Amino acid sequence: MITLDNIQKTYSIGESSVHALRGVSLTIEQGEFIAIMGASGSGKSTLMHILGLLDTPDTGDYFLSGRNVNSLKEDELAALRNHVAGFVFQQFHLLKRMSLVDNVRLPHIYSGEEGDFRKEAIERLRLVGLEDRTDHRPNQLSGGQQQRVAIARALIRNPMIIFADEPTGNLDTKNSSEIMNILKRLHGEGKTIIMVTHEDTIAAYADRIITMSDGRIVSDERKAGRTDRQLLRKEPVNPNTHIPLWRNGRFSGFVLQAMQSILSNKVRSFLSVLGILVGVASVIAMLALGAGAQVSMEESLKSMGSNLLSVRGGSASVRGAAQGAGAVTRFTFNDVEGIAATTSLVKRASGIVRGSAQIVYGGNNWSTSLDGVGFEYGEMRAAIPTIGRWFTEQELKKREKVAVVGMTVAKELFGSSMSPVGKTIKINRINFTVIGVAPAKGFSGPRDGDDVVLIPVTTAMYRVLGKDYFDGIYVESVSPAMIERTKDAVERIIRKQHRLGDDDDSFSIRDMTEIKQMLSSTTQTMSLLLGAIAAISLVVGGIGIMNIMLVSVTERTKEIGLRKAIGARKSDIMLQFIVESVGMTLSGGLFGIVAGITVAWGLSVFAGWAVQTSMFAIVLATGFSMLIGLSFGLWPAKKAADLKPVEALRYE
């Protein structure tokens, strides 16, 4: 079954070399019980590791069931160990966070076979007399009982060979005898047993004793009177080395073990998750703050007029210097009607006249701006009163003396406790009835947008200001995308109505695009800055996760060695640690979502800031946290996967 031909193995320790095996040749038949003995440093453990496929020789050939295993890759060796070998270690190597059943069925996670194998694990525990302790933890057992669990684990895959490395080294005489009787019984059932020991009393259980010294076999004795026993069927050495991730609950097994690992170090895991939690919460809260500022900006633009064009008479100027020549253009009702008739581009149009006025109510008076506006102006400039009403088209036609006052005017004339609606005021000594209070506008540059009185444009032109022309025209485009086309159409209409040449610059048309772009750019920059600052905290949290995972790799080196010994491939080990890393960051991300939404709500309620939490921010923060976990988990995972089984098992 096993043939070794001139096996040699040398270890480098610092600048010196240790020749562990010096030309070892050996043949082992199926069904044998072999004890390998020798003093410390004789090479017996190295021989065991090579026989058990935990290590590879420097030179020589190793044939298992007729196949030379020296040419196999690392993952192929792992699959072969899972398929044909069962290990019983001196240190037991049981995972403390798992129950006995989970410890016993652990090799099946890496087998790719279907089923949860709980029943099979309980049956193996029954064989070693521990069927009543299935849900206990290893730290609840004595040393002898833990070694019996290790034997049950070695049997779960029904291996061809059981490798026992000093199986009684940490046990007293009674427990040693019990363990050896179990191995003897398994040998009687046809199992091949290869055991390393330094005790003659333990070696006496074997039928064949190989003694080593200085890396060579110095004696190979078989006991006389060996009886025939039932031999196990010789199995082909053709394990499955490519197992899909989702096959037979393999991934769910990794997830379950990752959660067990995370929960086994609650405080450390919490501190790691806390960094991600703060990062995700910061990203969500900061983006919500930025989105709120964006919405607030859009509301401000609406109050200034959405999709709005402002047509003004006179030549365009920059810093007071005229940029073109020509007479001042004075707009008429015909201009407004002509522009409004372009229904494919223009939604509404309204003429406006401006002046100043002295407003008097009782003993109070106030000097303010007076705007005569059309009926459409209310909707176009978001000036429909929140208190009272807007004037009607009939009042416009009849040149009625009605007025809508701004918040500043209302406060100065009527105070904060009196409603202005229905009161009579004097505008330039003419009585007007207040029918509404315009919504608050705030400051627009140096001008107070609330320090104004709005009256029908016809009333302003013919009863108050004495004008027969408009100072300007407001034009609302049907959509933001049509602004430029609307602008061109309005310009053509005015030039046609007033017979102006293409080079006559006696009027100007302005829109809100520049202001909108400036505000939008500012809020976007602020959002990006806030998001970047928050993302930094996520990266810092990711570094914390990486540090914890690196510490975890160091602490669990022996566990990694065990997993590799029972058949874990490099990809299995990497996936195990990546799942743990992503699991911690995802947990932090989920709690961070709740915290972020709570912080955003708190900023809105207690600080009065405009915030708007979006699904995009939540998805972005959660996805970024998972990416952080994956990215910062790769290095620790690769470091774990690159460990050699023998080196990991020997790690102190």
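Val267 is exposed, with a relative accessible area of 63%; this value, like the others here, comes from a predicted model. The residue counts as exposed because its relative accessible area is over 50%. Val267 sits in helix α9, which runs over residues 266-304. On the surface it belongs to a nonpolar patch together with Phe270, Leu271, Leu274 and Val278, and the accessible area of the patch is about 470 Å² in total. An α-helix has 3.6 residues a turn, so residues three or four places apart point the same way.

The UniProt record, an unreviewed entry, annotates residues 269-293 as a transmembrane region, along with 528-553, 574-603 and 615-635. In the model, residues 269-293 are 100% helix and 0% strand, and the C-alpha atoms at the two ends of the span lie 36 Å apart. Residues 615-635 are likewise 100% helix and 0% strand, with end C-alpha atoms 31 Å apart.

Helix α19 covers residues 615-641 and contains Pro636. Is Pro636 buried or exposed? Pro636 is buried, because its relative accessible area of 0% falls under the 20% limit. Apart from neighbours within four places in sequence, Pro636 contacts Met546, Met549, Leu550 and Val553. Another pairing links positions separated in sequence: Pro636 and Phe577 are 59 residues apart along the chain, and their C-alpha atoms are separated by 7.4 Å.

Towards the N terminus, helix α1 spans residues 44-51, and seven of its eight residues are buried. The buried residues are Lys44, Thr46, Leu47, Met48, His49, Ile50 and Leu51. Just after this helix, Leu53 adopts a positive phi of about 65°.

Leu53 is also one of the residues touched by Arg81, which is located in helix α2, residues 74-84. Which residues does Arg81 touch, not counting those up to four places away in sequence? They are Gly52, Leu53, Leu54, Phe87, Lys564, Ala565 and Pro645. Arg81 is buried and has no salt bridge. Its nearest side chain of opposite charge is that of Glu74, 6.3 Å away. A salt bridge requires a side-chain nitrogen of Lys or Arg within 4 Å of a carboxyl oxygen of Asp or Glu, so the 6.3 Å separation between Arg81 and Glu74 does not qualify.

Terms used. Residues are numbered from 1 along each chain as its sequence is written. This is a predicted model: local features need pLDDT of at least 70, side-chain atom pairs count only at pLDDT 80 or more; totals for chains, interfaces and linings use all residues. Side-chain values use heavy atoms; hydrogens and water are left out. Patches are made of residues with over 30% relative accessible area and no salt bridge: like charges are joined within 9 Å, nonpolar side chains (Val, Leu, Ile, Met, Phe, Trp, Tyr) within 5 Å. Accessible areas come from the Shrake-Rupley method with a 1.4 Å probe; for residues, only the protein chains shown count as cover. Helices (H or I, at least four residues) and strands (E, at least two) are DSSP runs, numbered from the N terminus. Buried means under 20% relative accessible area, exposed over 50%, partly exposed in between (1.4 Å probe, protein chains only). Lys and Arg count as positive and Asp and Glu as negative; His and the chain ends are not counted. Contact means heavy atoms within 4.5 Å. UniProt positions are given in the numbering used here, feature names are shortened, and annotations may be inferred rather than shown by experiment.
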